[in-house]
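Welcome, and please open your viewer. We will go from stop to stop, selecting a few residues each time.

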Amino acid sequence: QVQLVESGGGLVQAGGSLRLSCVVSGRTFGSATMGWFRQAPGKEREFVAAISWINWSGGSTYYADSVKGRFTISRDNAKNAVYLQMNRLRPEDTAVYYCAAEDKFLVTAAQAMGARYDYWGQGTQVTVSS
C-alpha cells in the first residue's frame, strides 16, 4: 500500500520560512511526477509545485506563478522523499498543503498542474501570520 506522509507545517510570521517534507512508503517511483497542492478555507485546491523525473534521474520542476522565486521543490531518491522549501512566506500562503504522486513522467507545466495524481497524502497545515 502506497502512503504519502507530509510533515513540516506550522505557524510562522510573514517573511519567514518553512520546509515541508513528503515521505513515500510502499513503493519507489523510477519515473514519476510528485506535486504539492494547497487548499485554503473556502477555496478550491490549487497547484503549488511539481517535480518530474524519468528512470531515476533528472528533475524537471514546475511552479505556480504565485510561488515562483519563493518556493523550491526538490527530491531525494535515497530517502524516497520530496521537499518544498518555502521562503518569504505571506499570509495568503496559509493553507493545508498536500503531497501527491503520479506514476508518470510529465513533461509540461500544464500536465503537472492538471494531472489526476494517483496518490495523495493527508496534508499538513501551514499558517502565516501577518
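Leaving aside its neighbours within four places in sequence, which residues is G123 in contact with? Select E6, V96, Y97 and Y98 together with G123, and you have the answer; contact here means heavy atoms within 4.5 Å.

Before moving on, note that this is a predicted model, where local features need pLDDT of at least 70 and side-chain atom pairs count only at pLDDT 80 or more, while totals for chains, interfaces and linings use all residues. Residues are numbered from 1 along each chain as its sequence is written, and side-chain values use heavy atoms, with hydrogens and water left out.

**Stop 1: around G123**

G123 sits in the loop between β10 (119-120) and β11 (124-129). Strands (E, at least two residues) and helices (H or I, at least four) are DSSP runs, numbered from the N terminus. With a relative accessible area of 26%, G123 is partly exposed; buried means under 20%, exposed over 50%, and partly exposed in between (1.4 Å probe, protein chains only). Now add Q3: its C-alpha is 12 Å from that of G123, although 120 residues separate the two in sequence.

**Stop 2: the open sheet**

Next, colour the four strands of an open, antiparallel sheet, in the order β1-β3-β8-β7. Two strands pair if DSSP finds at least two bridges between them. At the edges are β1 (3-7) and β7 (71-76), each pairing on one side only. Zoom in on β1 and β3 (residues 18-25), which are joined by five bridges. Select V5 here, and then V23, its bridge partner in β3.

**Stop 3: along β7**

At the other edge, six bridges link β7 to β8 (residues 81-86), and the two run antiparallel. One pair to select is R75 with its bridge partner V82 in β8. These two strands form a hairpin with four residues between them, and N80 in the turn has a positive phi of about 50°.

Show the side chains of β7: F71, I73 and R75 point to one face and are buried, whereas T72, S74 and D76 point to the other and are not. In a regular strand, side chains alternate between the two faces of the sheet.

**Stop 4: R70**

Step back to R70, in the loop between β6 (57-63) and β7. Is R70 buried or exposed? R70 counts as buried because its relative accessibility is 3%. Beyond residues up to four places away in sequence, R70 touches Q85, M86, N87, R88, L89, R90 and D93.
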